[in-house]
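Here's a walk through a two-chain model, strand by strand and then out to where the chains meet. Keep the structure open beside you as you read.

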Amino acid sequence: MTAGLAEGVWKLASAIATPVLPDDYLDMFAPLRAGAELRGRITAIHRETADAATIVITPGRSWAGHVPGQYVRIGIDVNGVRQWRAYSLTSLAGAPDGTIAITPKAIPDGVVSNHLVHNARPGTLVMLDQAIGDFTLPTPTPDKILFITGGSGITPVMGMLRNLPSAGADIVLLHSAPRAEDVVFAAELAERDRSGQIDLRVRHTDTDGMLDLADLDREVPDWRERQAWVCGPTGLLDAAELHWAANDLTDALHVERFRPTIIEPGEGGEITLLGSKLTIDADGATPILDAAEDAGVLMKSGCRMGICFGCVVTMRQGAVRDLRTGEITTAEPGDELPIQTCINAVAGSCDLEV
Amino acid sequence: MTLAPERSAISPTAPHVTQAQHVAAEQHRLNTRLSLEGGAERTHPPKKSGRPNPMGHLTNEQIEAIGRELDAIRAEVMASRGARDAAYIRRVIRVQRGLEIGSRAVLLFSKNKYAWLAGTAGLSLAKILENMEIGHNVLHGQWDWMRDPKIHSTSWDWDMASPAKQWQHSHNELHHTYTNVLGRDNDLGYGLLRVDEDQPWELFHLGQPIWHLINAMFFEYGIAAYDLELRGNLQNWDELSEEEKAVFKANLHEMLGKIRKQAMKDYVLHPLVSGPSFLPTLLANFTANTVRNIWSNTVIICGHFPDGIDTFETDSIEGETRGEWYLRQMLGSGNISGSKFTHIMTGNLSHQIEHHLFPDMPSNRYSEISPRIKALMERNDLHYVTGPVLKQAYQVYRKVCRLALPNEEPGRSRWSVVRGELGKVVKGKGGARTKRHLPSTADA
């Protein structure tokens, strides 16, 4: 009855607001309300190191919560352009004030990480996806745990530690960072070490060199009895996978790959039409539209000179080059980026929703 | 490069590439409009009416140099788009929505004549902003670069009889590609008016001073009919293929759906919500729509029909280069001078020349580049047409009246041509739609 009434009211509101939606008006006043697209508002920013900061976000009412260790994709406007990136959640799950937090580290040329760490301001609205990821602890928590982290790989583990009881499990944390001043959460980690929650070993790779897993027997003699969670640079993860496999312990290892997504633009390449399940080899001078037509796929088309936007389709990942200006547009996995097919040629490879 | 957790499930390539059929594309010759290099030597002969070809005085090299200069201006502005521009369009959208809600709220009490006046004025402004500075420009893809799916050419719909997709086809694709090309650009008189000496005269045009006014009042429906190519499709119905008929019917169905929703909102629901102010609110909404129609019609006719703006022969654009396309946009468009407020209310179509050169450039940037475009045109002996809105609109109306009559023919006055045609109709030798084809100077 009430549901029917609500639906009726919403229909009437939609008919009154057409051609926009009632949501478009509500967004002006209550962007975080239940039922709105999932957004969040940055409520505080705490500097952690010279190039890392914790961004505290109050998510909208539709936020479904997270499991410690998971990450969230956030969409933020950087110089007017919406950019989506994923960051591990570092906050207490189900915090009393309802906030969540991420702790990005600014990386060289990182458009979003630099913006978040250096330029973002409290009050800013960001877009959010629900938390996802399976780099999480099982229930019940294992008795003996080994964490191995490098650099910003500490972030999902910090998310877990903050959500674990102060005593209980036997936890060893091997963390690597270039120098002492680069260790994110250094004070809090030391405090957790002192209080006995964890047994912390920090390694400064600039002076001590990289962690060699062959030393694990000496460093953590009982590592074979521990469930291990490893997060950090690709080299560390690859080494861990080899080491655990060599010891026939693959089931005890859990990794989170923070890999650099490098879309390397090239000249020409493969155009994959996802809907048609077709991959076309095209050169770097042929517009995607023409290449597809040659292959027998008639895509939307218009002016064929880049002015009418009648040929726009969604690129899911890859790189394309504007034939007029040479400008490269890249989409990373998870992006949904509309591009014009009549003036763009494939630059390396691209996946299109056609 | 960015650091992000690997998300194998989201990346779509893997499963498809393995199953996908693999083919190789042929090597393609680029659309000549994408390139500045003209290739073959091109000539610019005079037009049928005897008027000179507007590009006649420039060499191919000069035209390509103009093209390079314009490409450079475009690249410079596009590279500098950023937070300031994004803030601009979001502010305009916020102001428009606030103005619309506010005005509609005031109109709930429109029995009171001051409330009626204030609400109607506010709603008229809101509707103009929505159509011009927001709708027209978003639908051009001017804001697609922000990657905000809500302010995007593929998702926007506007407060107009014509569905966004249909308008984008007839406007962005046809009008902007074939600007002012006789027989290709239906915007030249909207299939209703004769606005150029080189357009053929029909008896129907005798009434065009009236058609023009009616079209202005109900402009949104005029545009809708135009997007459907209503007149052409109905006149040639028997010659259409089954596929063309199906497309037309689908478009018609979509359009009627849109018109019904629009009418429902303005002429049923909002008046009903106003209770005792039902009739005044209905009248206010009709007035706001009409004010918006007349204003947008005025702005748009000033863009291409005032004196000094050129038209082009159909065959003159065969193999057209990017430079020539640019040149045609500059010669085929005219601006409106005025205050910042005027520019915003015209959706910056007061910078019609700049808009036609770079239809996907954010509208707030047109005023910035206009001095450079003007200088470039003057340097190349090209007429940068501009003037206050009333002067430009007056010129158009004068032209609409003048061209209601046929061109003068050798040895015959304009009226004697009309009398001859009318005589034929009376004697039953031709229908009222009898087309007269212009005698070309070559024949004369």
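In β6(A), M127(A) sits opposite G75(A). That pairing belongs to a predicted model, and it is part of the antiparallel match between strand β3 (residues 71-78) of chain A and β6(A), which is held by two bridges. β6(A) has another partner too: β1(A) runs antiparallel to β6(A), with three bridges between them. There M127(A) turns up again, this time as the bridge partner of R39(A).

Which residues of strand β6 (residues 125-128) of chain A make up the covered face, and which the uncovered one? V126(A) and L128(A) are on the covered face, while L125(A) and M127(A) are on the uncovered one.

Now follow β1(A) the other way. A hairpin of two residues links β1(A) to β2(A), and strand β1 (residues 39-49) of chain A pairs with β2(A) in the antiparallel sense over eight bridges. Within that pairing, I45(A) has I55(A) in β2(A) as its bridge partner. Strand β2 (residues 52-59) of chain A is mostly covered, with seven of its eight residues buried. β2(A) also pairs with strand β5 (residues 100-102) of chain A, again antiparallel, over three bridges; here V56(A) is matched with A101(A) in β5(A).

Here are the strand pairings of chain A side by side:

| Strand pair | Sense | Bridges |
|---|---|---|
| β1(A) and β2(A) | antiparallel | eight |
| β2(A) and β5(A) | antiparallel | three |
| β1(A) and β6(A) | antiparallel | three |
| β3(A) and β6(A) | antiparallel | two |

On to the packing. The largest nonpolar core has 54 residues, and those touching the most other members are I55(A), V72(A), F147(A), V157(A), V230(A) and A240(A). Domain 2 (31-128) and domain 3 (144-257) of chain A each put at least three residues into this core. A second, separate core has 50 residues, including L129(B), V195(B), A224(B) and A225(B).

Take V72(A) as an example. Once neighbours within four places in sequence are set aside, V72(A) is in contact with A86(A), Y87(A), L89(A), I102(A), L128(A), D129(A) and A131(A).

M158(A) is also worth a look. This residue is in helix α4 (residues 154-162) of chain A. Why does M158(A) count as buried? Because 26 other C-beta atoms lie within 10 Å of M158(A), and 20 or more is enough to count. Leaving out residues up to four places away in sequence, M158(A) touches T90(A) and F185(A). M158(A) and T103(A) are 55 residues apart in sequence, yet their C-alpha atoms are 9.8 Å apart in space.

Next, chain B. Its secondary structure comes to 16 helices and four strands, and 41% of its 444 residues count as buried. Among contacts in chain B with a separation of 6 or more, 70% are between residues 24 or more positions apart.

Finally, the meeting of the two chains. The contact draws 62 residues from chain A and 61 residues from chain B. On the chain B side, β1 (2-5), α1 (13-19), β2 (21-24), α3 (83-107), α5 (164-177) and α9 (242-273) each give two or more residues. That side splits into 22 nonpolar, 22 polar and 17 charged residues. There is strand pairing across the chains as well: strand β13 (residues 278-282) of chain A runs parallel to β2(B), joined by four bridges. In that pairing, V23(B) in β2(B) stands opposite I280(A).

Technical notes. Residues are numbered from 1 along each chain as its sequence is written. Chains are lettered from A and ligands numbered from 1 in the order in which they are written. This is a predicted model: local features need pLDDT of at least 70, side-chain atom pairs count only at pLDDT 80 or more; totals for chains, interfaces and linings use all residues. Two residues are in contact if their C-beta atoms, placed from the backbone, lie within 7 Å. Ala, Val, Leu, Ile, Met, Phe, Trp, Tyr, Cys and Pro count as nonpolar, Asp, Glu, Lys and Arg as charged, and the others, Gly among them, as polar. Two strands pair if DSSP finds at least two bridges between them. A residue is buried if 20 or more other C-beta atoms lie within 10 Å of its own, exposed if 12 or fewer, and partly exposed in between; C-beta atoms are placed from the backbone. A nonpolar core is a set of buried Ala, Val, Leu, Ile, Met, Phe, Trp, Tyr and Cys residues joined through C-beta atoms within 7 Å. Domain bounds come from an automatic or database domain assignment.
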